[in-house]
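Here are some exercises to work through with the sequence and the 3D view side by side. Try each task yourself before you read its solution.

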Amino acid sequence: MNNLTGYIHNVSPVKHSNKTRYFDMLIQTEATKVRGVCFSSSKHLDFERCSKQKSSVKISNFTIKSDSVLMNARVQIEELKEVTFLREEIPSTLNISMLSNVLGVQNFMCYRQCCKCNKKLPATPGNVVKCETCGLRQKVSACSSQYHLQALLRHDDINTTVTFF
Ligand SMILES: [Zn+2]
C-alpha cells in the first residue's frame with residue numbers, strides 16, 4: 001500500500017522516549033481505525049492542523065508494522081478536497097496518547113448498541129439490524145455507537161492489557 005486516505009484524530013503532543021521524539025494519533029480510514037505514530041516532530045503542526053480542521057487527507061510514504069502506521073520525516077500528508085466517506089466523531093476520552101506508557105494498541109473497534117437491551121449489535125451493511133439478544137429490529141442510524149479499545153500498557157515495569165470502553 002503506497003498511500004491511504006482518511007481522517008486524523010486525537011493528535012498527541014510530541015513525546016520523548018529513549019532519545020526518540022514522536023507523537024501519535026488515531027487514523028480513521030474507510031474500513032478501520034489504526035494508530036499512527038510519527039517520528040518527526042517537524043510534521044506535528046501538519047497533523048494537528050488536519051485534525052483540527054477535520055480535513056480528509058491522503059498520507060503517503062509510511063510503513064505498517066504491528067497494525068500501526070509508522071511515519072518519519074519523509075511522510076507526505078495532503079488535504080483532499082473530495083471526500084469519499086465521512087469523518088466520525090471519536091471521543092477524546094479515547095485519546096490513547098495521553099497515556100505515556102502505551103506500548104501498543106491491540107484492538108480498537110466501534111460497534112452499535114441495541115436501543116432496548118444495550119447489547120452489541122451484529123455489524124451489517126444494511127440500514128436495519130436485528131438484535132440477537134432481544135430480537136428487536138431497529139434502524140442502524142438510531143443506535144448509539146460504542147467504542148472498545150484494548151491497549152498494552154507498562155505500569156511499574158509490568159506489562160498489562162487494559163480495556164477501555
Ligand atoms: Zn436488544
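Two strands pair if DSSP finds at least two bridges between them. Helices (H or I, at least four residues) and strands (E, at least two) are DSSP runs, numbered from the N terminus. Keep in mind that this is a predicted model, in which local features need pLDDT of at least 70, side-chain atom pairs count only at pLDDT 80 or more, and totals for chains, interfaces and linings use all residues. Residues are numbered from 1 along each chain as its sequence is written.

**Exercise 1. Pairing strands**

Task: Find the strands that pair with E4, and give the direction of each pairing.

Solution:
- Step 1. Locate E4 at residues 33-38; six bridges join E3 to this strand, and the two run antiparallel.
- Step 2. Look at the connection: a hairpin of three residues links E3 to E4.
- Step 3. Pick out one facing pair: Cys38 in E4 stands opposite Phe23.
- Step 4. Now turn to E7, which pairs with E4 in the parallel sense over four bridges. Here Gly36 has Val69 in E7 as its bridge partner.

**Exercise 2. Counting elements**

Task: State how many helices and strands the protein has, and write their order.

Solution:
- Step 1. Count the elements: there are one helix and 13 strands.
- Step 2. Read from the N terminus on, which gives β-β-β-β-α-β-β-β-β-β-β-β-β-β.

**Exercise 3. Inside the core**

Task: Identify the residues that touch the most other members of the largest nonpolar core.

Solution:
- Step 1. Start with the terms. A residue is buried if 20 or more other C-beta atoms lie within 10 Å of its own, exposed if 12 or fewer, and partly exposed in between, with C-beta atoms placed from the backbone. A nonpolar core is a set of buried Ala, Val, Leu, Ile, Met, Phe, Trp, Tyr and Cys residues joined through C-beta atoms within 7 Å.
- Step 2. The largest such core has 16 residues, and Ile8, Met25 and Phe47 touch the most other members. Two or more residues each come from strand E1 (3-9), strand E3 (20-29), helix H1 (44-52), strand E5 (56-60) and strand E7 (68-71). E3 gives the largest share, four residues.
- Step 3. Check Ile8, a residue of strand E1. Ile8 is buried because 25 other C-beta atoms lie within 10 Å.
- Step 4. List contacts (C-beta atoms, placed from the backbone, within 7 Å). Leaving out residues up to four places away in sequence, Ile8 touches Met25, Ile27, Phe47, Cys50, Ser51 and Val57. With the same exclusion, Phe47 touches Ile8, Val11, Met25, Cys38 and Ile77.

**Exercise 4. Two loop residues with positive phi**

Task: Decide whether Asn10 and Lys54 are buried, partly exposed or exposed.

Solution:
- Step 1. Place Asn10 in the loop between E1 and strand E2 (15-17). Its phi is near 50°, a positive value in a residue other than glycine.
- Step 2. Asn10 is partly exposed, because 19 other C-beta atoms lie within 10 Å.
- Step 3. Place Lys54 in the loop between H1 and E5. Phi of Lys54 is near 55°, also positive in a residue other than glycine.
- Step 4. Lys54 is exposed, because 11 other C-beta atoms lie within 10 Å.

**Exercise 5. Far in sequence**

Task: Find out which residues Ile90 is in contact with, beyond its neighbours within four places in sequence.

Solution:
- Step 1. Find Ile90 in the loop between strand E8 (76-79) and strand E9 (102-112).
- Step 2. Ile90 counts as partly exposed, because it has 18 C-beta neighbours inside 10 Å.
- Step 3. The contacts are His9, Asn10 and Leu26. From Ile90 to Asn10 there are 80 residues in sequence but 8.4 Å in space, C-alpha to C-alpha.

**Exercise 6. How far to trust the model**

Task: Find the mean pLDDT, and the pLDDT over residues 96-100.

Solution:
- Step 1. Recall that pLDDT is the predictor's confidence in each residue, from 0 to 100.
- Step 2. The mean is 81, and 78% of the residues reach 70 or more.
- Step 3. Over residues 96-100 the pLDDT is below 50, although this stretch has nine contacts in the model beyond near neighbours in sequence.
- Step 4. Where pLDDT is low, predicted coordinates should not be read in detail.

Conventions
Two residues are in contact if their C-beta atoms, placed from the backbone, lie within 7 Å.
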